[in-house]
Amino acid sequence: MREIEFKMERQGLVNIGDEVEITEREGVTYSYIIEPAVAMSGCFPARERILSKKGVIKDIRQNERGFYIVAVFEE
């Protein structure tokens with residue numbers, strides 16, 4: 001299992017335990033979007049790409065910079 005953090009702009013778009021689907025964005029590095037445009041990951045080099053396209057929300061946190069989702073993926 002692999003945990004990935006995503007940045008979410010508004011709360012209430014997903015809940016802990018929700019199954020989510022991600023879309024991969026390819027460039028020099030790879031980034032991921034929880035669909036439908038709920039949250040975005042940071043950048044990953046090719047060797048660290050997320051292999052699974054579905055995950056489960058494990059945690060949602062808020063700090064002074066916004067809301068963060070932790071999603072778990074089977075790899």
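Modeller: Before we start, a residue is called buried when its relative accessible area is under 20%. This is a predicted model.

Biologist: How much of the chain is buried, then?

Modeller: By that cut-off, 36% of the 75 residues in the chain count as buried.

Biologist: And what about the exposed surface, how much area is there?

Modeller: The chain exposes about 4,900 Å², and carbon and sulfur atoms supply 47% of that area.

Biologist: What is the chain built from, how many helices and strands?

Modeller: There are six strands and zero helices. Along the sequence, the pattern reads β-β-β-β-β-β.

Biologist: Which strand does E1 pair with through seven bridges?

Modeller: Strand E1, residues 2–8, is joined by seven bridges to strand E6, residues 66–73, and the two run antiparallel. As an example of the register, Glu 3 lies opposite Val 72 in E6.

Biologist: Where else is E1 joined, by three bridges?

Modeller: Three bridges connect E1 to strand E4, residues 39–41, again in an antiparallel arrangement. Within E4, Met 40 is the bridge partner of Lys 7.

Biologist: Moving on to E2, which strand does it meet over five bridges?

Modeller: That is strand E3, residues 30–34, which pairs with E2 in the antiparallel sense. Thr 23 stands opposite Ile 33 in E3.

Biologist: How many residues does the hairpin between E2 and E3 use?

Modeller: The hairpin links E2 to E3 through three residues.

Biologist: What about E2 and E5, how many bridges there?

Modeller: Strand E2, residues 19–26, and strand E5, residues 54–63, share three bridges and are antiparallel. Val 20 has Gly 55 as its bridge partner in E5.

Biologist: And the side chains, how are they placed along a regular strand?

Modeller: In a regular strand, side chains alternate between the two faces of the sheet.

Biologist: Changing topic, what radius of gyration does the chain have, and what would a compact globule have?

Modeller: The chain has 12 Å, which agrees with a compact globule, because one with 75 residues would have a radius of gyration near 11 Å. Along the principal axes, the C-alpha atoms fill a box of roughly 30 × 25 × 20 Å.

Biologist: What share of the contacts comes from residues far along the sequence, say 24 or more positions apart?

Modeller: Such residues account for 59% of the contacts in the chain that have a separation of 6 or more.

Biologist: Last one: how far apart are the mean positions of the positive and negative charges?

Modeller: They are 3 Å apart, for 11 positive and 14 negative charges.

Notes
Residues are numbered from 1 along each chain as its sequence is written. This is a predicted model: local features need pLDDT of at least 70, side-chain atom pairs count only at pLDDT 80 or more; totals for chains, interfaces and linings use all residues. Side-chain values use heavy atoms; hydrogens and water are left out. Helices (H or I, at least four residues) and strands (E, at least two) are DSSP runs, numbered from the N terminus. The radius of gyration is taken over C-alpha atoms; the globule rule is 2.2 Å times the number of residues to the power 0.38. Buried means under 20% relative accessible area, exposed over 50%, partly exposed in between (1.4 Å probe, protein chains only). Contact means heavy atoms within 4.5 Å. Accessible areas come from the Shrake-Rupley method with a 1.4 Å probe; for residues, only the protein chains shown count as cover. Lys and Arg count as positive and Asp and Glu as negative; His and the chain ends are not counted. The place of a charge is taken as NZ of Lys, CZ of Arg, CG of Asp or CD of Glu. Two strands pair if DSSP finds at least two bridges between them.
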